[in-house]
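Q: Please take a close look at a single helix of this protein. I would like one connected account of that part and of what surrounds it.

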Amino acid sequence: MGLEKLIKKCAKNDRKAQKEIYQLFAGKLFSICLKYSKNKQEAQDNFQDGFITIFEKVGQFNFKGSFEGWMKRVMVNTILIKYRKKTVLNIVTEEIPDEVIVDVDDEEISLDFLLNIIQELPHRYRMVFNLYVLDGHSHKEIAKMLKIAEGTSKSNLARARGILKQKIETYQEGQQSV
């Protein structure tokens with residue numbers, strides 16, 4: 001069955017079509033949830049909530065652009081909405097540290113190590129880091145998505161980079177002494 005037909009059946013709450021859409025895209029969408037969640041448990045919760053939202057709103061997909069891209073946006077927006085509800089107090093600081101340059105030797109540092117240290121960042125730093133570095137959003141867009149000041153977005157990114165730089169340098173120093 002073609003994707004367009006599946007989408008139309010999903011809009012009519014066809015459980016078989018929903019299952020097929022789920023199976024087609026679950027892996028890619030779960031990886032997005034991992035990227036924006038504190039841990040695997042939170043990622044699973046976000047994944048479930050995101051798919052519920054996708055199936056509730058699938059009738060709004062207008063077949064302009066990629067369905068996968070639309071689902072990714074819905075998933076990220078679902079996570080951001082939950083994040084904004086949890087964030088009670090945002091400390092706004094316009095003090096932005098200098099741009100942090102991280103020198104990474106690809107042969108010494110594994111992708112798993114990098115993903116783990118990104119996952120260990122404080123939640124607000126990780127959110128901004130992922131949105132800016134991995135997804136290519138501007139600070140203005142991030143500020144709007146997270147309902148924070150643009151300066152706070154810049155500051156959080158700089159602090160995230162600083163933490164990552166420190167962890168990478170510590171790791172590399174440990175590797176050199178071996």
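A: A helix here is a DSSP run of H or I that is at least four residues long, and helices are numbered from the N terminus. By that numbering, Q18 is found in helix α2. The model is a predicted one.

First, the setting. The protein chain has eight helices and zero strands. Of its 178 residues, 38% count as buried.

Helix α2 covers residues 15–36 and has a kink of about 60 degrees, centred on A26. At its N-terminal end, D14 acts as a cap: a side-chain oxygen of D14 lies 2.9 Å from the backbone nitrogen of K16.

Next, the buried side of the account. The buried residues of α2 are A17, Q18, I21, F25, A26, L29, F30, I32, C33 and Y36. A26, the centre of the kink, is thus also on the list of buried residues. The cover over these residues includes α1 (3–11), α3 (40–57), α4 (67–86) and α6 (123–134).

Q18 can be followed in detail. Its relative accessible area is 6%, so Q18 counts as buried, the cut-off being under 20%. Leaving out residues up to four places away in sequence, Q18 touches C10, N13 and F55.

I21 and L29 belong to the largest nonpolar core, which has 47 residues; along with I54, F67, M75 and L146, they touch the most other members. The elements giving two or more residues to this core are α1, α2, α3, α4, α5 (111–119), α6, α7 (139–146) and α8 (150–176). L29 is also one of the residues touched by I54, whose other contacts include W70, M71, V74 and M75.

Helix α2 also takes part in a charged pair. Side chains of opposite charge can pair when their charged atoms come close. K28 forms a salt bridge with E68, with the closest N and O atoms 3.4 Å apart. Because K28 lies in helix α2 and E68 in helix α4, the pair ties together parts that are 40 residues apart in sequence. The two partners are covered to unlike degrees: K28 has a relative accessible area of 45% and is partly exposed, whereas E68, at 19%, is buried. The pair is also part of a network of salt bridges that links K28, E68 and K72. In total, eight salt bridges are counted.

Terms used. Residues are numbered from 1 along each chain as its sequence is written. This is a predicted model: local features need pLDDT of at least 70, side-chain atom pairs count only at pLDDT 80 or more; totals for chains, interfaces and linings use all residues. Side-chain values use heavy atoms; hydrogens and water are left out. The bend at a residue is the angle between axes fitted to the seven residues ending there and the seven starting there. Buried means under 20% relative accessible area, exposed over 50%, partly exposed in between (1.4 Å probe, protein chains only). Contact means heavy atoms within 4.5 Å. A polar contact is a pair of N or O atoms within 3.5 Å; within protein, one must be able to donate a hydrogen and the other to accept it, and residues adjacent in sequence count only if both atoms are side-chain atoms. A nonpolar core is a set of buried Ala, Val, Leu, Ile, Met, Phe, Trp, Tyr and Cys residues joined through side-chain atoms within 4.5 Å. A salt bridge is a side-chain nitrogen of Lys or Arg within 4 Å of a carboxyl oxygen of Asp or Glu.
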